[in-house]
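Dear colleague,

I am passing on the structure below, followed by an account of what was found in it. Please look it over with the text beside you.

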Amino acid sequence: MNKGAIKDLSSNALELALDSNLDNGILKDIPVFGSAIKVAELTMSIRDHFFLKKLSRFIYQLDGLTEDDKEAIRHFSKSSDSEKISSKLIQVIDNVTDIEKADLIGKLFVSFCTGKIDKSNFLRSVDTIQNYFIEDLNRFLCGSNIWFSTFEDLESQNLEGLVASPLIKEQFIDRQDLIRSGREDEIDITNYEQSRFGEIFKNALT
């Protein structure tokens, strides 16, 4: 199945195409994905249909991978973490309300399987995608690194919604250094920067 077919499935053919992809594709060795499809096919409520739509977007990110990347996913499928992590991904994909988040989770899954991001940061990244507004995440991923930014600076970039996220942290500035350099007026100003995790998150998804 080519990328265009799996991304633009009609509603009547969606579950059949997903089932075919699971039977023939690289996810066939991870049983939890197939089980989730079967459950959704049995009921096909509006929520189940939306779940299948989101899962198709996740699978779309796995289409057209190199043989090395496919082998990395097969290796993951045989690991002791496979069932637990796959179950978490199914749960998150089911719960997210923005279909685009399934795209990010698919990209992140590939990065995890290929060693671009470790397990702890991968799981933290999945939670971050689930919990924060998709447009904020996309702006963060597409924008330049945040450094020495005030809250007003973040507002101008429409990133203020990520201030409480693990992607951005308050920047430590020594008060005495400010005084010594004649910048006392900056003492009560809070500045922000991209966190180390924010850098890992961005690198895994871009």
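In what follows, a residue is called buried if its relative accessible area is under 20%, exposed if over 50%, and partly exposed in between. By that criterion, 45% of the 206 residues of the chain count as buried. Please keep in mind throughout that this is a predicted model.

As to the overall fold, the chain has 12 helices and three strands, and of the contacts between residues at least 6 apart in sequence, 72% join residues at least 24 apart. The chain exposes about 10,900 Å², of which carbon and sulfur atoms supply 48%.

Two helix pairs are described here, beginning with helix H6 (residues 82-95) and helix H8 (residues 119-131), whose axes lie 10 Å apart and make an angle of about 15°. Since angles under 35 degrees count as roughly parallel, H6 is therefore described as roughly parallel to H8, and the crossing in which H6 passes H8 is left-handed. On the H6 side the contact involves Ile85, Lys88, Leu89, Val92 and Asn95, which meet Lys119, Phe122, Leu123, Val126, Asp127 and Gln130 of H8. In character, the residues of this contact between H6 and H8 divide into six nonpolar, two polar and three charged. As background to such lists, an α-helix has 3.6 residues a turn, so residues three or four places apart point the same way.

The second pair is formed by helix H5 (residues 67-77) and helix H7 (residues 100-113), whose axes come within 8 Å and cross at roughly 80°. An angle from 65 to 115 degrees counts as roughly perpendicular, and H5 and H7 are therefore placed in that class with respect to each other. Ala72, Ile73 and Phe76 of H5 make this contact together with Phe109, Phe112 and Cys113 of H7, and the division by character gives six nonpolar residues, no polar and no charged.

Serine 86 may also interest you, as it is placed in helix H6 and is buried, with a relative accessible area of 0%. Its C-alpha atom is separated by 9.6 Å from that of phenylalanine 109, although the two residues are 23 residues apart along the chain.

Towards the end of the numbering, helix H12 (residues 196-205) is mostly covered, seven of its 10 residues being buried. Those buried residues of H12 are Phe197, Gly198, Ile200, Phe201, Lys202, Ala204 and Leu205, and what covers them includes H7, H8, helix H9 (134-142) and strand S3 (191-194).

Finally, there are two backbone details that you may wish to look at in the model. Most residues other than glycine have a negative phi. Phenylalanine 148, however, has a positive phi of about 55° although it is not a glycine; phenylalanine 148 lies in the loop between H9 and strand S1 (149-150) and, at 34% relative accessibility, counts as partly exposed. Asparagine 158, which is likewise not a glycine, also has a positive phi of about 55°, and its place is in the loop between helix H10 (151-156) and strand S2 (168-170). With a relative accessible area of 39%, asparagine 158 is partly exposed.

With kind regards

Terms used: Residues numbered from 1 in each chain as written. Predicted model: local features only at pLDDT ≥ 70, side-chain atom pairs only at ≥ 80, totals over all residues. Heavy atoms only, no water. Axes fitted to C-alpha atoms, helices over the stretch in contact; angles between N-to-C directions. Helix = DSSP H or I, 4+ residues; strand = E, 2+ residues; numbered from the N terminus. Parallel < 35°, antiparallel > 145°, perpendicular 65-115°, else oblique. Left-handed = near helix turned anticlockwise from the far one by under 90°. Contact = heavy atoms within 4.5 Å. Nonpolar A, V, L, I, M, F, W, Y, C, P; charged D, E, K, R; others polar. Buried < 20%, exposed > 50% of the residue type's maximum accessible area, 1.4 Å probe, protein only. Areas by Shrake-Rupley, 256 points an atom, 1.4 Å probe, with all protein chains shown as cover.
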